[in-house]
Amino acid sequence: MNIVVLIKQVPDTNEVRIDPKTKTLIRKGVPSIINPEDKNAVEQALTLKQKYGGEVNVVTMGPPQADVALREALAMGADKGFLITDRFFGGADTYATAKTLSTTIKTVFPDFDLVLCGRQAIDGDTAQVGPQTAEQLGVPQVTYAKEVEVSGNKLTVTREVEDGYEVIELTTPALLTVVKDANQPRYPSISGIFDAYEVDVKKITNDDLKLVREELGLKGSPTKVVATTTPDTQRKGEVFTGNPKECCGNLIDRLNQRHLI
Amino acid sequence: MENKDIWVLAEQRNGKIMNVAYEILGAARRLADKKKCEVCAVLVGDKVRDLSDSLIHHGADKVYVVESPLVKDYTTDAYTNILEQVIKNFKPEVFLYGATTIGRDLAPRVASRVHTGLTADCTGLDIDEDGLLLQTRPAFGGNLMATIKCPDYRPQMSTVRPGVMEKLAPDAKRKGEVIDFDAKLDDKDLRTQVVKMVKAAKQVVNLEEAQVIVSGGRGLKTPDGFELIKQLADELGGVVGASRAAVDSGWISSDHQVGQTGKTVRPELYVACGISGAIQHLAGMSGSRTIVAINKDPNAAIFKVADYAIVGDLYKVIPVLIEQIKSEKEENSAS
């Protein structure tokens with residue numbers, strides 16, 4: 001199988017803090033990681049390769065330092081890495097991102113069987129780039145994919161939904177977005193890490209894709225962010241400290257007043 | 001025809017309208033009243049016409065019904081093809097979807113098909129002075145709220161987080177129009193086939209509808225801590241929630257997760273135990289009516305959003321709390 005995995009380098013949002021004075025994100029010291037569910041997609045690709053053979057190509061779009069994310073995926077066992085990077089790609093919303101990704105796939109991997117992505121990225125949580133890429137590639141999609149079985153060109157995919165799961169059949173080429181519960185991503189081996197830095201990561205710029213500027217980055221994005229604010233959720237609460245018995249007694253009084261017990 | 005009205009996808013499954021569809025109808029009604037336009041709902045399914053009235057009672061002026069055995073179950077291709085035809089035909093100004101596993105599968109596909117913008121998981125919708133849709137959503141794990149516009153493309157599309165918008169009280173006297181829309185559908189265009197739908201045997205955690213939620217976080221230190229959380233939840237007649245830290249540690253399944261990457265909840269009572277209050281978590285629960293926090297760190301961020309805070313070791317506090325609630329209930333029932 002010719003598999004393309006789309007990954008994204010994201011700030012670890014568990015570590016992101018807000019500067020109380022400027023009300024902006026403090027990015028300094030926040031580690032950059034492969035988006036967690038994209039690792040599940042890489043793992044899924046490697047499992048499929050082990051079972052059915054083929055090649056796993058990892059692709060990311062981002063600034064030059066996103067190279068690190070590709071190296072990590074290569075260390076897990078992916079065969080080749082591709083970094084889509086160009087200043088014209090900056091500021092892209094999900095539509096423009098999908099346009100760039102789908103054009104890359106059509107240009108570099110015209111004979112792909114499967115595109116895998118994580119369900120969503122933890123910085124934006126949109127879950128839109130996968131389906132939008134599938135549409136622009138003109139291939140069917142299954143989102144929230146948990147299990148994947150392959151028989152010839154037929155895929156049988158288990159899709160997680162709110163109250164259970166669905167089993168969906170389709171044929172390749174196709175795009176799947178993979179959920180966290182699909183698998184446990186493997187750790188890179190020591191030799192894998194060394195080997196990953198021997199591999200030549202191919203850079204892709206708009207010279208390769210030849211998209212018109214109006215389709216790229218901020219210009220090619222139908223949505224515009226007009227304001228950002230920090231959520232204000234503060235309440236003036238009552239604090240009980242000391243002996244648990246007294247604390248709980250006080251709490252129960254208050255909950256009783258609010259008819260909550 | 002001009003772009004004018006506000007449209008919603010009235011998502012139904014097995015002949016039952018999803019709660020979020022009523023919620024987005026409520027939001028659409030509010031926006032339409034401000035914009036002085038109509039609310040239109042699209043209802044797709046096999047023999048679903050009967051559901052139209054309830055959509056009108058909840059705020060729709062017009063219901064466009066697309067019926068076919070080919071859309072008995074949701075498939076991406078069938079719904080995308082239908083909505084593409086609806087959008088090309090009626091030119092909606094705004095199109096809203098519930099951010100469910102269907103809405104989040106479908107809306108991006110449609111947005112790419114008709115080339116327009118889409119904002120995911122909105123928690124706030126408004127109309128600005130130019131009549132444009134203001135779409136507000138959490139980003140960076142709920143650390144920031146971003147407001148987004150789509151000035152140059154139509155429709156302006158959003159998926160809307162379940163449990164956030166208020167639905168209208170149903171009014172059986174509201175009148176509206178039910179219109180059949182004959183969408184062209186071809187078996188051959190449907191590239192995925194649902195061969196099986198299984199309700200999970202696991203106990204469904206209905207966090208969104210729970211009146212009382214008791215949640216545990218990293219401060220539990222071990223998965224066994226959730227047994228104590230469960231006891232307290234049982235005593236209060238509630239269900240068990242969890243922070244992302246607890247879920248990521250593998251202590252409890254993600255069905256229990258409250259927060260930006262989990263569920264958004266607004267119960268009458270939310271009890272946060274051993275949860276530090278990362279914004280990611282606050283994004284999902286700060287709308288709760290009453291918030292109680294138990295944490296041994298007096299500086300925990302969770303205390304800033306709490307109505308009542310107990311500073312102490314949860315393993316010492318919760319057992320006492322359970323005992324006292326028990327005796328309180330006995331007293332109440334005796335009196």
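## A pair of residues to start from

Leu83(A) sits opposite Lys203(A), which lies in E13(A). The two strands involved, E7 (residues 80–84) of chain A and E13(A), run parallel and are joined by 3 bridges. Strands here are DSSP runs of E with at least two residues, helices are runs of H or I with at least four residues, and both are numbered from the N terminus. Two strands count as paired if DSSP finds at least two bridges between them.

This is a predicted model, in which local features need pLDDT of at least 70 and side-chain atom pairs count only at pLDDT 80 or more, while totals for chains, interfaces and linings use all residues. Residues are numbered from 1 along each chain as its sequence is written, with chains lettered from A and ligands numbered from 1 in the order in which they are written.

## A sheet with strands from both chains

If you follow E7(A) outward, you will find an open sheet of 10 strands with mixed pairing, in the order E13(A)-E7(A)-E6(A)-E1(A)-E8(A)-E12(A)-E9(A)-E10(A)-E11(A)-E13(B). Strand E13 (202–204) of chain A and strand E13 (193–199) of chain B stand at the edges with a single partner strand each, so one side of each has no neighbour in the sheet. On average, neighbouring strands are turned by 30 degrees against each other, direction ignored.

Helix H1 (residues 36–52) of chain A packs on this sheet, and the strands of chain A that it touches include E1 (2–7) and E6 (55–61). The direction of H1 makes about 150 degrees with that of E8(A). For such angles, axes are lines fitted to C-alpha atoms, for helices over the stretch in contact, and the values run from 0 to 180 degrees between N-to-C directions.

## The parallel sheet of chain B

Chain B has an open sheet of 7 strands with parallel pairing, in the order E7-E11-E6-E1-E4-E5-E12. Its edge strands are E7 (118–122) and E12 (177–180) of chain B, each pairing on one side only. Within chain B, strands E4 (residues 39–45) and E5 (residues 62–67) pair in the parallel sense over 6 bridges, and Val44(B) has Val66(B) in E5(B) as its bridge partner.

## Where the chains meet

The contact takes 65 residues from chain A and 75 residues from chain B; residues are in contact if their C-beta atoms, placed from the backbone, lie within 7 Å. On the chain B side, helix H9 (residues 314–334) gives the most, with 8 residues.

Strand E14 (residues 224–229) of chain A also pairs with strand E10 (residues 144–149) of chain B, antiparallel over 5 bridges. There, Ala227(A) stands opposite Thr147(B) in E10(B).

Conventions: Contact = placed C-beta atoms within 7 Å.
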